[in-house]
Structures are given as structure tokens and as C-alpha cells.
Amino acid sequence: MRFNSRAWMVWVLVVAFLAMFARNPLYSIILLALSLLAIQYYARIESPVRSMFLQISLGILLFSAIYHALFIHIGDHVLFELPQWPLIGGIITVEAIADGFRNGLVLIALIATFMALNTIVPSRELVRLVPAAFQDLAVVVLIAITYVPETRRHLRRIREAQAIRGHRPRGFRDWRPLILPLLVGGLERAMRLSEAMVARGHVSERAENSRAPERILLIAGLFTALIGWVMAILWGVSGYILLSLGGLVLVLIVVRKGRRVRRTSFVAVPWTATDTILVFTSLAALILVIAPWPVIGRLSLSYVPYPLLKMPEFHPLVGLALILLSFPILMGMTTQRDHDRMTEPDQNATSSREGIRQAR
Amino acid sequence: MIEIKDLCYSYPKAENPALLDITTHIERGEFILLAGPSGAGKSTFLRSLNGLVPHYSGGSVKGRVFVDGIDVFDKGPRRLSSVVGFVFQDPEAQNVLDVVEDELAFGLENAAVSSSQMHQRIDEVLNILELTDMRDRQITTLSGGERQRLAIASVLVMKPKVIALDEPTSQLDPQSAADLLRFLVQLNDEWGLTVVMVEHRLERVARYADRILYLENGRLTLDEPMELGLAHLDPEGSPPLVRLSRTFGWDPMPLTTTEGSKQAGLASLTIHTPEDSQETLYPVSGDPLLRTRDLHFSYGNEAVLRGVTLEVRAGEAVALVGKNGSGKSTLLKCLVGLLEPGRGDIWLQGESILGHDVSDICQEVAFLPQNPDDLLFAESVSEELEITLQNHHLNPAQLSRSPAELLERLELSDYAESYPRDLSVGQRQRVALGAVVIPEPRIVLLDEPTRGLDYGAKRRLMDMWDQWRKEGVGFLLVTHDVELVARACDRVLILDQGVIVADGPTAKVLDSSTIFRPQLSRLFPGSGWLTVNDAVDGIGDRLS
């Protein structure tokens, strides 16, 4: 089972938006679980990556909890009290720690969502998700995609190189020999990669990109949209009209610029009915959660642990709406079961590419 | 095919121009060798052929470059990408995507090649470069040689008229390098492909190239047919065969060992060695400084080292050679504790060091990895040395040689306060060497120390090693550079698929090897002559 990358993109954007929108830790856990299950069924990640994700997640939770405990001095359950030092002085409460965990959870859910996109959708297709008008942005996307695995490999090399100079990292200052070569090396790698992309034809020509009327229209579109936005806040409908007009101009410019860029596709993953269902279920989940339906407990979307820590509320209808997002996981489970009956599991990735090749 | 007129180029904020008054003309189907010392402007010249200079790098440019009638500076890299294929020095640097097939399709998609044509071209290139079985492989799982072939495949798939290669063989073993060069010659002949190649190891390329362009300080000081050009080259920068030929005044100058044999009339001098390259241990005196016994190491289920036993003695220089992926770098990492062997033991001066801390081992065993930049982070060269001393809790008074003296020996005194990353490749290599040898270790392990270095830099490095060896420091050197091994090492180990298959005196091992054989050993098989001096001393007047 393989979804079109555009359908995946919609799913990821919806999950990411809801992860930011719904601040209830129970919903955050559901969204986190959805992303991790999607990775489980659609991507193959090495165990070091899994353990790195776990370490980063624990680090985020810990840092967020400590940060909140030290800087937010509200709550009825007081653990202890720090002297009146600037900023961090005052009571340390269970509520602030719980709030820290809640915020950390939101961040981890977001990271997991984008990790799902990064691991499930091949780099080739991720680059193609960037509109043709923004070819230069594709360089940035590629650098971003390769950054984490490359940085991990580079860090291992630097750690080895510094160890042979007798370096034993203990305190914060001892990280300088690792961080500096890592930063400089990362920049150099990004430069080399972009140079390689330029040499292989992936760059928009200045002449193609810089038609004067387009630039003027772009500025005019942005300016109109901005004024429209301000007017919409102040006066309502007339502002929205201007905002839409500005937005339309921007879309037209992007489409026009994109049409001038000629690109073909080596492996075109067809759009199927399941892709339509994935997009439909994702958008349905989004609308169900964010629209002001009287029957859906919107209050349950937020969670404030202050002043007294209490269990977050769970509304079954919100839960059901989020379950709509599990469509790709259900499909993945079904495919996995069928696949397990027929072939070895580690042939999965190759066979999907082979399938596409044969289908051509 | 390529027309360059009065080309001058300066990088942004550079004091001196990188290229100065270059005028030359390259015909369709020519094979050009671009040579010169490090920092002479070779890579800049290459980048000016596809417009990376100045479109990507910025800076100021004068003069014109035309490739296939296209004004490079006017049209830029995108337009040129279908005409000039560019292979960078480091194949890892140019992998854009993560799967072999996608990588090949990347350029074609950008050039809007139709899907059917794309499949045809990709299949063809995969077939030619023997990469068909790897089409679905993740690029990170490929070996160095495979990556280099992929890098070349990804530009050839564009069917360019010119291919520009920046030291494409620097990471390859002699066999892979020879295969790659033969393949390029085939393309040059059959496709009429114009090849422009930067290479420091002239002995590898001289026989294939039609013409040599030699750059010094940004100026084109030599633009001659290969044979004539080599005759005019500084002897130090010439391949051994050329130096020997010049010593004995052979005319015409031989570019291959076959031509050399004819010139020297040496058929009767040829002494054939036995086919079997399994050698016995070299009989050396004194206790070994470093010793391993039955060393095994695996990455997961893949066995990389399978029972490696070796010794290095005081003052001895031992070369460890082998094909790409034979386990050489893994062995060095095991020796300093960066990797833990699955079986076997390692002794340093009679004491087992298995399980010891890397930092403790490296006080006695210095290790210079392939990429010196991973070591350097300080604000100045002298600070790099101080930091290593601090790491080992040493102070300069405890050393027999002060950091200043070491810098002098490394020819870095003038750069003591310079920012290390601003220095040239050879200088950075020496700074990194200084940073690992400042605690005065007994053994020095070097992993490809001459990669990217010109002849002069190599010679200076060898002179330095000689001084240390006289002081009793042992060297274990991993390299693909057999000419370097011939000149600098007493003993050679050949590692093949994790097993030491040959161990003996340099002359004996290299002479009996089919792959790791210097030029003069091929010219005088069985003679034991590896260097120009050996040959001159050995045959002297007989040849003249």
C-alpha cells in the first residue's frame, strides 16, 4: 500500500495543525501515536534513529518541565520554595511541571509528525512537493531532509576525531570541540550540496525569475493582502475582499512562474481512490475538530493545569474525529497482514519500487 | 569544444586572482589532464567550464569562456548542465537524493527529459557502469568506489559533451582507479566525450591524456601534448617513469611501462616473480611496539576483520594497503579503541590495551583520520596543539620538544596564529598531524594522509616522517598511493576482505602484487626497484 506524496502531505499538515491546536495532552498522545504508527507501517527506520528520537523526546520533556517549574510559580500543589532569586525564585509547583510536560508533548507530537513525512515520503517526492515556482526552495528542502541523518554521521566522526586528541566531554564548555566542527561542517556540506544541485541543473535562472512586471505584481499582491488583512480586523467584509484579491494575485503569479519551469517526472505515483479517501478523512477530521459545532466539546481541546491539577477532559466526539486520521494506519495494517502472508517483510521497500516500475 | 579567452577570475574579497590571463582551446573528444600544485586554481578552472564560477561563487571575472558555442558566463550553470557534466572531488558531496535510481533521474527531471527517454538512459548508464544491481540501493550503503561510479553515472546520464572531473580517483584503490580511467577512455573514444580531469597522481592518468594543462598561481604555465608537457614539467612533480626517462634521456618520452620497456630495451633484464603473493613475516629485530593477534571485527552480521595479526616496531614504517572496503580504516579504529574487536587482542609495548580509554591509548598511539577538518576547531594553529596537551593533562615542560619546535618541524611556524580552517589542504593536514603527535606518541597511524596533496606537499610530509622514524617512532600508514609506499615504507601488509594476505618487505610485496605495484616495479619486474633512485642505482650506465 502506498499513498501519493501529496495525500501524505495533507495528512501530515492536518496532524501537525491539530497537534498545535489541541493543547489537551490526551489528544496530543493520540496524535503522537498516529504519527509513530504511520512510521511503523510505512517506513523503515534504523534502531539508532528510534533511540535518538526517544532520547530527544525525553530531553524535551525534561527540559520543558524544568523550565516551567523554574519560571512559572503558580499552582496549589507546592513541592518546595526557592529563595527570591530573580526570575526563578518562588514556589515550585506540580501544576507548572505538568504544564511543562504538556507543552513538551505538543513539541514531540510535532517532531514525530514531520519525522513521519521525512521517513515515509521518498526524498525525490518531497522535493517535488515544492511548487515549481519555488525551485530554489527545493534546495532548502533537500538540505533539511538530509540534515539530521548527515549530522548524526558527522557528529559520530567528530566525536571519534576529538577522542583521539584525548577529549573527554564532561561539562558544557567541553562541547565546543564537537559543536564548532559540526556547525562549520554542516554549513560546508549545505554549500557543497547546493553547488552540486546547481551543477546538475536544479536552479532557476535569474533571467527567468526576475521579470519586472511580475515582481511589481508580487509586491502589489503582498501589499494588497496585508492591507486587506488589517482592514478585515478593523472593518470586516471589505477587508476580506481586499485580502482575497491580494491572495488571488499571489496565486496567479506562482502558477504563472511554475508553468515556465519545465520538469518531468521519473516515477509518477498515480493518484488513486485511497488517496482521495486519505485527503477526505484528514480534512473531515480537521473540520470536525476546529469548526464550532455545538455538540463537540471544544473546551476539551484546551487544558490548563492551573491553579489546581486535574485530569484532562476527553470528549468522545473529538476522539472519534481524530480516529478518522487513522485511515492510513488501518490500510497499512491490512497491507502488512496480506504482505506477511506472501513475502518476507524486509523486501517491502524494494518491491514497492519494483511494482511501480512494472506498472510503467 | 571549449574556447577560453583571457580568463581572469578573483573570488570575493580575495587579494590575489585565482585565475590569470588564461587562454586555451580544447578540441571535441580531447582528453585533458589539468595539473598543478595545491591552490594553483585547478578546481576554479574546472568550475569556470560550467559557470559555477562566477554564477555560484560570485567574485569578479574578465574574459570569455565558450563551451560548445555557449557563452558560459552569460548562460550560467543551468543551461550548461546538459553540456558539461561535473564530477566533484568528494562523491558524497554531490549525492542529492538517497536512492541510486532517483539520483540518476534527478538531473534528467530538471532537464525535462521525457519519461521513456529517462528510463532508457538510466538503464544504459547503469549497465555501462555495472550499477544495475544497485539501482534500488540506498546510497549510504555503497562503498567509496561505487559512490564514485554513481557520481560519474549521474552526470553521464545527461549525455554531456564535456565531462569535468575533480580528482575522481583520489579515494579509489589502484584497481578501481584504473577501471574508472579505462572506462573514461572508452567513453572518450566511443562517444567523442571531451574529458577535462584534475589529478595529482600523474602516473595514473598520463598514459590516457592527450594534453596537459599545468597551472601555477592561477597562470597556465604549460599547455602541451602529454609527452612534450611531461618533458617540461618540474621533475619533482613528474611520474617516476618520466623522471627515469629524463635521467637517461629517452626520446620519445614513454608514457606507459610498455613503452618504457621498449625504450630501455629491457626485455632481457626482466625477472619474473612467482605468482603466489602470500608472503612470510618480515624478520625484524626488537620487540614490537604495537602488536595484534587474531583480531576480528564485525558490523552487525558483516565480518570486516577476520583474524588480523600484525606488528609494528620502533622506527619502522609499515604500509597497510588493500582495495576499497577491505577493512583498513576499521583496523586503525580498532587499534586506538574507537571500535571494540569481537575477538583477538592488541598489545602496546607488551601490555594489552583492549578496553582502555581511547584518550589514554592515543597518548601513545597517535591516529590521523582521513578528514583533518574533523579535528580542527580552535582559533589558531598553536591553540590546537595546546588543547591536545590540556586534554592529556600534559604541560610543555614535560615534552622533549616544545610546541613551537613541533610547529617548526611541521613548517607551520609562520602560521602559528592563523585560523586553521583558512589554511590549504596540505597545511591543515599538518596542523591535524601536529594536534595528534604533540603528546609524543611511540606509534603514528595515518589514514590516507596524502589525499589531495601535490608532490611537493607529499615530499615534505615524507621528510618529516623520516625525522620521527630516526627518533624511534613507528608508523602504520593506510594508503592507496603505491608510489608513496614505495618511497616511504619498509614493510607492506595487504589486507583483503579483512584478512592479511601478504606481509613482507616493500620491494618483495609490491613486486609480487598485481594491483599494488608502482610504475617502476612494472617496468622492471622482479628487480626489486621501486623508485627512480633504486632504478638509477641499480642499472646505472647499463641503460645509458
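At what angle do α3(A) and helix α4 (residues 94-120) of chain A pack, and how far apart are their axes? Here are some notes for a first look at this predicted model, starting with that pair.

1. **The α3/α4 pair in chain A.** The angle is about 150 degrees, and the axes of α3(A) and α4(A) are 7 Å apart. Angles over 145 degrees count as roughly antiparallel, so that is the label for α3(A) against α4(A). As for handedness, α3(A) and α4(A) make a right-handed crossing.

2. **Who touches whom there.** On the α3(A) side, the contact includes A:F53, A:S57, A:I60, A:L61 and A:S64, along with A:A65, A:Y67, A:H68 and A:A69. From α4(A) come A:A96, A:I97, A:D99, A:G100 and A:F101, then A:N103, A:G104, A:L107, A:I108 and A:M115. Sorted by class, the contact of α3(A) with α4(A) has 12 nonpolar, 6 polar and 1 charged residues.

3. **A closer look at A:F53.** This residue sits in helix α3 (residues 47-71) of chain A. Is A:F53 buried or exposed? Neither, quite: A:F53 has 17 other C-beta atoms within 10 Å, so the residue is partly exposed. If you want a pair of points to click on, try A:F53 and A:L178: their C-alpha atoms are 20 Å apart in space, with the two positions 125 residues apart in sequence.

4. **Chain A as a whole.** Stepping back, chain A has 14 helices and 2 strands. Buried residues account for 28% of its 360 residues. Take the contacts in chain A with a separation of 6 or more: 69% of them join residues 24 or more positions apart.

5. **Where chain A meets chain B.** How many residues does each chain give to the contact? Chain A gives 39 residues and chain B gives 49 residues. On the chain A side, the elements giving two or more residues are α5 (123-128), α6 (135-163), α7 (176-199) and α14 (348-359). Of these, α7(A) supplies the largest share, 13 residues. The chain A side splits into 17 nonpolar, 9 polar and 13 charged residues.

6. **The nonpolar cores.** The largest nonpolar core has 217 residues, and B:V336 and B:L445 are the members that touch the most others. Leaving out residues up to four places away in sequence, B:L445 touches B:L332, B:L335, B:V336, B:V365, B:A366, B:F367 and B:L476. Another core, of 5 residues, lies apart from that one; among its members are A:A69, A:A96, A:I97 and A:A98. You've met some of these names already: A:A69, A:A96 and A:I97 are among the residues of the α3(A)–α4(A) contact.

7. **Helices α4 and α5 in chain B.** Now to helix α4 (residues 100-110) of chain B and helix α5 (residues 115-128) of chain B, whose axes come within 10 Å and cross at roughly 130 degrees. That angle makes α4(B) and α5(B) oblique to each other. The crossing of α4(B) past α5(B) is right-handed. B:E101, B:L104, B:A105 and B:L108 of α4(B) make the contact with B:M118, B:R121, B:I122 and B:V125 of α5(B). By class, the residues of this contact are 6 nonpolar and 2 charged, with no polar ones.

8. **Helices α10 and α21 in chain B.** Helix α10 (residues 240-248) of chain B packs against helix α21 (residues 532-539) of chain B at about 35 degrees, with the axes 9 Å apart. Their crossing is right-handed. The residues that meet are B:P240, B:R243, B:L244 and B:T247 in α10(B) and B:V532, B:A535 and B:V536 in α21(B). Within this contact, 5 residues are nonpolar, 1 is polar and 1 is charged. Buried residues of α10(B) include B:P240, B:L241, B:V242, B:R243, B:L244 and B:S245. Just after α10(B) comes B:G249, with a positive phi near 65 degrees.

9. **A loop residue to finish on.** Where is B:S57? The loop between α2 (52-55) and β4 (60-67) of chain B holds B:S57. B:S57 counts as partly exposed because 17 C-beta neighbours fall inside 10 Å. Setting aside neighbours within four places in sequence, B:S57 is in contact with B:Y11 and B:L52. From B:S57 to B:D98, 41 residues along the chain, the C-alpha separation is 26 Å.

How values were computed: Residues numbered from 1 in each chain as written. Chains lettered and ligands numbered in written order. Predicted model: local features only at pLDDT ≥ 70, side-chain atom pairs only at ≥ 80, totals over all residues. Axes fitted to C-alpha atoms, helices over the stretch in contact; angles between N-to-C directions. Helix = DSSP H or I, 4+ residues; strand = E, 2+ residues; numbered from the N terminus. Parallel < 35°, antiparallel > 145°, perpendicular 65-115°, else oblique. Left-handed = near helix turned anticlockwise from the far one by under 90°. Contact = placed C-beta atoms within 7 Å. Nonpolar A, V, L, I, M, F, W, Y, C, P; charged D, E, K, R; others polar. Core = buried A, V, L, I, M, F, W, Y, C linked by C-beta atoms within 7 Å. Buried ≥ 20, exposed ≤ 12 C-beta atoms within 10 Å, placed from the backbone.
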